[in-house]
Amino acid sequence: MGLATRIIPCLDVDEGRVVKGVKFVDIRDAGDPVAVAKRYDQQMADEITFLDITASSSARDTMIDVVREVAAEVFIPLTVGGGIREIDDIHRLLLAGADKVSINTAAIDRPDLVSEASQYFGAQCIVVAIDAKRCGNHWEVFTHGGRKTTGIDAREWSVEMARRGAGEILLTSMDRDGTKDGFDLELTRTISDAVSIPVIASGGVGTLEHLAQGVLTGGADAVLAASIFHFGEYTIREAKTHMSQRGIEVNL
Amino acid sequence: MHRIVVVDLGTGNLHSVAKAFEKVAPSAHVEVTSDLLRLEKADRVVLPGQGAIGSWFKALDERQLRNPVLSVLSSKPVLGICVGMQALFNRSEEDGGCEGFGLFDGEVRRFCRSVDRKPQLKVPHMGWNNVRQSSNHPIWRGISQDARFYFVHSYYALATQSSSVAATSDYGGKFVSAIARANIFAVQFHPEKSHEQGLKLLENFVCWDGDS
């Protein structure tokens with residue numbers, strides 16, 4: 001009894017289509033965001049995160065349509081990230097049916113955006129995404145998929161974002177992302193201990209035990225993964241069963 | 001045909017509430033509006049809410065809806081959600097203290113980020129938590145005891161009248177997750193984001209005649 005640790009599948013969406021090859025065995029159109037979201041909903045995902053990786057801003061309206069379609073069919077929380085620059089971008093996504101938006105680069109360019117958005121829409125729908133990379137004995141915030149450093153300390157940045165009204169932090173280890181070696185547990189623990197808002201661990205999940213460790217050792221409040229779910233290696237339900245066996249409270 | 005009005009106070013994701021009603025009651029007429037005439041014509045009213053309670057009441061007053069909503073609260077089946085539930089109590093600690101409608105005895109307080117609590121209590125309380133039903137209200141029909149619903153809030157209600165408590169949940173301590181009296185049913189969680197059990201609750205609300 002009590003609050004369950006959330007398991008969140010993340011989908012990359014490019015011009016309205018899910019990319020990075022989602023391979024559900026019995027799904028007719030694996031690129032259709034609505035079909036994929038519905039499948040995760042059936043598997044008891046606790047939330048779904050869409051990351052809009054569309055390069056051209058003119059194609060961003062497509063994401064609005066995607067959110068609108070998904071929100072009419074899937075009744076669990078939806079987070080949308082990618083390319084959010086202004087209050088108006090957030091407003092449009094929320095109106096289309098997103099429950100939260102995830103802000104990354106724009107928060108670094110203009111931290112006031114986070115304060116303003118939180119004041120305007122409420123902390124509950126403002127997620128700040130932090131891409132962190134180890135530099136010596138601390139972690140620095142990176143942008144552009146880990147290619148560009150900002151020189152900002154990730155721990156300090158997360159405290160600053162919480163202070164400005166972020167409702168939670170989506171923390172990705174750029175060292176681990178795509179490696180399948182597991183979360184950077186030290187990073188996760190450092191950030192989770194530093195802030196009193198929920199932290200979502202991301203980057204590096206290759207096994208179900210990695211998810212459990214993110215919570216048990218890393219102190220994450222939620223875990224996010226993409227490829228282990230997309231390629232049909234594991235279902236969300238299997239992940240929850242494993243975590244439950246490891247003594248973690250889940251929504252099964 | 002049912003006419004359901006979701007009161008539009010300009011905050012939060014109201015459309016997901018409307019979409020969820022459209023899903024469970026395809027024949028119903030669902031409107032997101034702050035229009036007084038439509039509110040009067042509705043046979044069921046939803047009071048949603050996200051964000052801060054102070055701006056919630058401010059938005060209510062700006063639209064001159066305080067009295068019409070009070071009148072609805074004494075006459076039609078009403079479903080309060082999140083801040084829409086908190087607003088029904090005497091007062092809230094949020095925004096430096098804010099008076100509520102005072103229809104339910106109790107206070108709304110902030111979850112405590114206590115330093116001695118290990119592990120630390122994260123605020124907002126965000127995610128799926130158990131809801132322990134404490135009454136046989138028609139709105140709970142077909143929903144199992146302790147079913148999980150999706151919560152996201154930093155303030156919680158403490159009711160002083162236990163007869164109005166329809167459910168409790170636990171986050172660093174017990175708090176009120178649903179209240180009910182006569183034609184009012186209100187929940188702290190978000191049924192519109194709570195998967196099948198949430199849709200079931202909304203369906204029950206559509207079928208409910210306002211008698212507990």
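**Charge, ring and helix packing in a two-chain model**

The charged end of K133(A) sits over the ring of F142(A), at 4.8 Å from the ring centre. The model is predicted. A second contact of this kind occurs in chain B: R181(B) lies over the face of F104(B), and the distance to the ring centre is 4.5 Å.

Chain A comprises ten helices and eleven strands. Its C-alpha atoms fill a box of roughly 45 × 45 × 35 Å along the principal axes. The radius of gyration of chain A is 17 Å. A compact globule of 252 residues would have a value near 18 Å, so the two agree. Of the 252 residues of chain A, 58% count as buried. Contacts across the sequence are also frequent in the count: among contacts in chain A with a separation of 6 or more, 65% join residues 24 or more positions apart.

Chain B has six helices and 14 strands. Its radius of gyration is 16 Å, close to the 17 Å that the globule rule gives for 212 residues. Chain B is therefore as compact as a globular protein of that length. The box filled by the C-alpha atoms of chain B is roughly 55 × 40 × 30 Å, again along the principal axes. Buried residues make up 60% of the 212 residues of chain B. Of the contacts in chain B with a separation of 6 or more, 71% are between residues 24 or more positions apart.

Salt bridges were examined next. The structure holds 29 of them over all chains. In chain A, the side chains of R164(A) and D112(A) meet in one, with 2.9 Å from N to O. This pair links distant parts of the chain. R164(A) lies in the loop between helix 6 (154–163) and strand 9 (168–173) of chain A. D112(A) belongs to helix 5 (residues 112–121) of chain A, and the two residues are 52 residues apart. R164(A) has a relative accessible area of 19%; buried means under 20%, so R164(A) counts as buried. D112(A), at 37%, is partly exposed.

Two salt bridges of chain B follow. E99(B) and R91(B) meet through their side chains at 3.9 Å, N to O. E99(B) is exposed, with a relative accessible area of 56%. R91(B) is partly exposed at 30%. The other salt bridge joins R109(B) to E107(B), with the closest N and O atoms 3.6 Å apart. Both partners are partly exposed: R109(B) has 33% relative accessibility, and E107(B) has a relative accessible area of 25%. In chain A, salt bridges that share partners join R6(A), E47(A), K100(A) and E168(A) into one network.

Helix 4 (residues 66–73) of chain B contributes buried residues. These are P68(B), V69(B), V72(B) and L73(B). Seen down the axis of helix 4 of chain B, the buried residues fall within an arc of 140 degrees, so they line one face of the helix. An α-helix has 3.6 residues a turn, so residues three or four places apart point the same way. The buried residues of helix 4 of chain B pack against several elements of chain B. Two are helices, namely helix 2 (36–41) and helix 3 (53–62). The others are strand 3 (44–47), strand 4 (78–81) and strand 14 (184–187).

Aromatic pairs number 16 over all chains. One of them, W56(B) with F101(B), is edge-to-face. The centres are 6.3 Å apart and the planes stand at 85 degrees. W56(B) lies in helix 3 of chain B, and F101(B) in the loop between strand 6 (98–99) and strand 7 (104–110) of chain B. The pair therefore ties together parts that are 45 residues apart in sequence. W56(B) and F101(B) are both buried.

F151(B) and F189(B) also form an edge-to-face pair, with 5.6 Å from centre to centre and 70 degrees between the planes. F151(B) lies in strand 10 (residues 148–153) of chain B. F189(B) is in the loop between strand 14 and helix 6 (195–207) of chain B, so this pair ties together parts 38 residues apart in sequence. Both F151(B) and F189(B) are buried. The two residues also belong to a cluster linked by ring pairs. The cluster further includes F111(B), F149(B), Y156(B), Y171(B) and F175(B).

Definitions and conventions:
Residues are numbered from 1 along each chain as its sequence is written. Chains are lettered from A and ligands numbered from 1 in the order in which they are written. This is a predicted model: local features need pLDDT of at least 70, side-chain atom pairs count only at pLDDT 80 or more; totals for chains, interfaces and linings use all residues. Side-chain values use heavy atoms; hydrogens and water are left out. A salt bridge is a side-chain nitrogen of Lys or Arg within 4 Å of a carboxyl oxygen of Asp or Glu. Helices (H or I, at least four residues) and strands (E, at least two) are DSSP runs, numbered from the N terminus. Buried means under 20% relative accessible area, exposed over 50%, partly exposed in between (1.4 Å probe, protein chains only). The arc is that of the directions from the helix axis to the C-beta atoms. Contact means heavy atoms within 4.5 Å. Rings of Phe, Tyr and Trp (its six-membered ring) pair if their centres lie within 6.5 Å; planes under 30 degrees apart count as stacked, over 60 as edge-to-face and the rest as tilted. A charge sits over a ring if NZ of Lys or CZ of Arg is within 6 Å of the ring centre and within 35 degrees of the ring normal. The radius of gyration is taken over C-alpha atoms; the globule rule is 2.2 Å times the number of residues to the power 0.38.
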